[in-house]
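Grab a pencil and work through these exercises one step at a time. Try each task yourself before you read its solution.

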Amino acid sequence: MTRHPRRIRDLAVFLEAVYLRFHRSATVSEDPLSIPSAYGDPLDREVMGFVASAFAFGRVSAFMAKLSCVVDRLGDHPAARMAGLDAAGCREVASGLRHRFVGEDEIASLLLGLSHVVRGSGGLEPPFLRGFGPTGDVMDGLESLVAELWPPPEPTDLPGPGFLVASVRSGSPLKRFNLFLRWMVRDDGIDLGLWKGVPPSALLIPLDTHVDRIAQHLGILPRRRSGPRLAHAVALTRALREIDPEDPARFDFALSHLGISGQCRGRFHDAVCADCPLEAACRVAVGGVSSRSR
Ligand code: SF4
């Protein structure tokens, strides 16, 4: 178990200040959440939320450009379109698309898996709940969802979605899955609140590089050179639960956008840190200030 070395309650006032500044609906346009938010139909929001979260790796501007191609090809009613696609149709939609090391075969496989889940279960929440319901553990829900997503019942020569659908028990922080769950479960005018069978208290923080770095700056997570693991997401969520037991993931959007916005560059910068709500608590800023003679 990873322990958080700093008393989280001492940080509550700072985290609330970040929440107030960055948890704003105007910021959604710079976030992959803008993809599912653009649809009115709940099932369209759900399937496009899954697609958007699956693509959410690498630079935001790069994956948003790729996502806009997928959005254009699926049209105004993507859930209905997907439900009508066979493997050949999925290949056609994904033809020529690539995002970093993920190619058109993996993208077509993702679409085929979603097509199967929409036709077979009417959406993604039922297969998630089949795993989550008995234990209340999101990992069990994700495992159940992924098992229904791939392989599809009909034989196909598509290779599977590969990196687009993470392996649930790999020990990775599962940022993209947890991002999707945050969008589906939380309901505050920013997150979509479509799934009523999962309480926000069960969510894990979608630990991206920005949130991970800031949690280390605050001393919530221990400093390290390696990337985040699932244990770090669990530890940060447990710490934030001490501030908000019912909704620990509500700080995620704000902390992430402190980084995405470019305000936090991960190192001391006089003018930038002076304007940051975390300045008095951040070990990087406190070190920077103390090294200056003022
Ligand atoms: S004080 Fe500076 S380094 Fe610390 S979180 Fe804020 S912007 Fe980042």
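Helices here are DSSP runs of H or I with at least four residues, numbered from the N terminus. With that in hand, Pro36 can be placed in helix α2. Please keep in mind that this is a predicted model.

**Exercise 1. Describe the overall build of the protein.**

Step 1: Start with the secondary structure. The protein has 15 helices and zero strands.

Step 2: Check how closely the chain is packed. Its radius of gyration is 20 Å, close to the 19 Å that the globule rule gives for 294 residues, so the protein is as compact as a globular protein of that length.

Step 3: Add the outer dimensions. Along the principal axes, the C-alpha atoms fill a box of roughly 65 × 40 × 35 Å.

Step 4: Look at burial and contacts. Buried residues account for 46% of the 294 residues. Among contacts between residues at least 6 apart in sequence, 66% join residues at least 24 apart.

**Exercise 2. Work out the surroundings of Pro36.**

Step 1: Decide whether Pro36 is buried or exposed. The cut-off for a buried residue is 20 or more other C-beta atoms within 10 Å. Pro36 has 24 such atoms, so Pro36 is buried.

Step 2: List its contacts. Leaving out residues up to four places away in sequence, Pro36 touches Arg45, Met48, Gly49, Ala52, Trp183 and Leu192.

Step 3: Compare sequence with space for one pair. Pro36 and Asp247 are 211 residues apart in sequence, and their C-alpha atoms are 22 Å apart in space.

**Exercise 3. Explain how helix α10 sits in the structure.**

Step 1: Count the buried residues. Eleven of the eleven residues of α10 are buried, so this helix is largely enclosed by the rest of the structure.

Step 2: Name some of them. The buried residues of α10 include Lys175, Phe177, Arg182 and Trp183.

Step 3: Find the packing partners. The buried residues of α10 pack against α2 (34–37), α3 (42–54), α9, α12 and α13.

**Exercise 4. Describe the two domains and how they meet.**

Step 1: Set the bounds. Domain 1 covers 1–30 + 204–294, and domain 2 covers 31–196.

Step 2: Look at the spacing and the contacts. The domain centres, taken over C-alpha atoms, are separated by 28 Å. At the meeting place, 22 residues of domain 1 are in contact with 17 residues of domain 2.

Step 3: Identify the helices on the domain 1 side. Those that give two or more residues to the side touching domain 2 are α12 (230–241) and α13 (252–260). By class, that side has eleven nonpolar, five polar and six charged residues.

Step 4: Turn to the core. The largest nonpolar core has 86 residues, of which Val51, Leu111 and Leu236 touch the most other members. Its largest share, eight residues, comes from α7. Both domains give residues to this core, so the core lies between them.

Step 5: Zoom in on one core member. Val51 touches Val70 and Leu110, not counting residues up to four places away in sequence.

**Exercise 5. Find the unusual backbone spots.**

Step 1: Search for a cis peptide bond. The bond from Trp150 to Pro151 is cis, with omega near 0°. Pro151 is found in the loop between α9 (138–149) and α10 (175–185).

Step 2: Look for positive phi values outside glycine. Phi is near 50° for Arg100, and near 55° for Leu174.

Step 3: Place both residues. Arg100 lies in the loop between α6 (87–94) and α7 (104–121), while Leu174 lies in the loop between α9 and α10.

Step 4: Judge their exposure. Arg100 has 13 other C-beta atoms within 10 Å and is therefore partly exposed. Leu174 has 23 and is therefore buried.

**Exercise 6. Characterise the shell around the ligand.**

Step 1: Name some members. Residues surrounding the ligand include Ile214, His217, Cys264, Cys273, Cys276, Glu279 and Cys282.

Step 2: Trace where the shell comes from. The elements that give two or more residues to it are α11 (209–217), α14 (270–274) and α15 (283–291).

Step 3: Sort the shell by class. Its residues divide into nine nonpolar, two polar and one charged.

Methods:
Residues are numbered from 1 along each chain as its sequence is written. This is a predicted model: local features need pLDDT of at least 70, side-chain atom pairs count only at pLDDT 80 or more; totals for chains, interfaces and linings use all residues. A residue is near a molecule or strand if its C-beta atom, placed from the backbone, lies within 6 Å of it. Ala, Val, Leu, Ile, Met, Phe, Trp, Tyr, Cys and Pro count as nonpolar, Asp, Glu, Lys and Arg as charged, and the others, Gly among them, as polar. Domain bounds come from an automatic or database domain assignment. Two residues are in contact if their C-beta atoms, placed from the backbone, lie within 7 Å. A residue is buried if 20 or more other C-beta atoms lie within 10 Å of its own, exposed if 12 or fewer, and partly exposed in between; C-beta atoms are placed from the backbone. A nonpolar core is a set of buried Ala, Val, Leu, Ile, Met, Phe, Trp, Tyr and Cys residues joined through C-beta atoms within 7 Å. The radius of gyration is taken over C-alpha atoms; the globule rule is 2.2 Å times the number of residues to the power 0.38.
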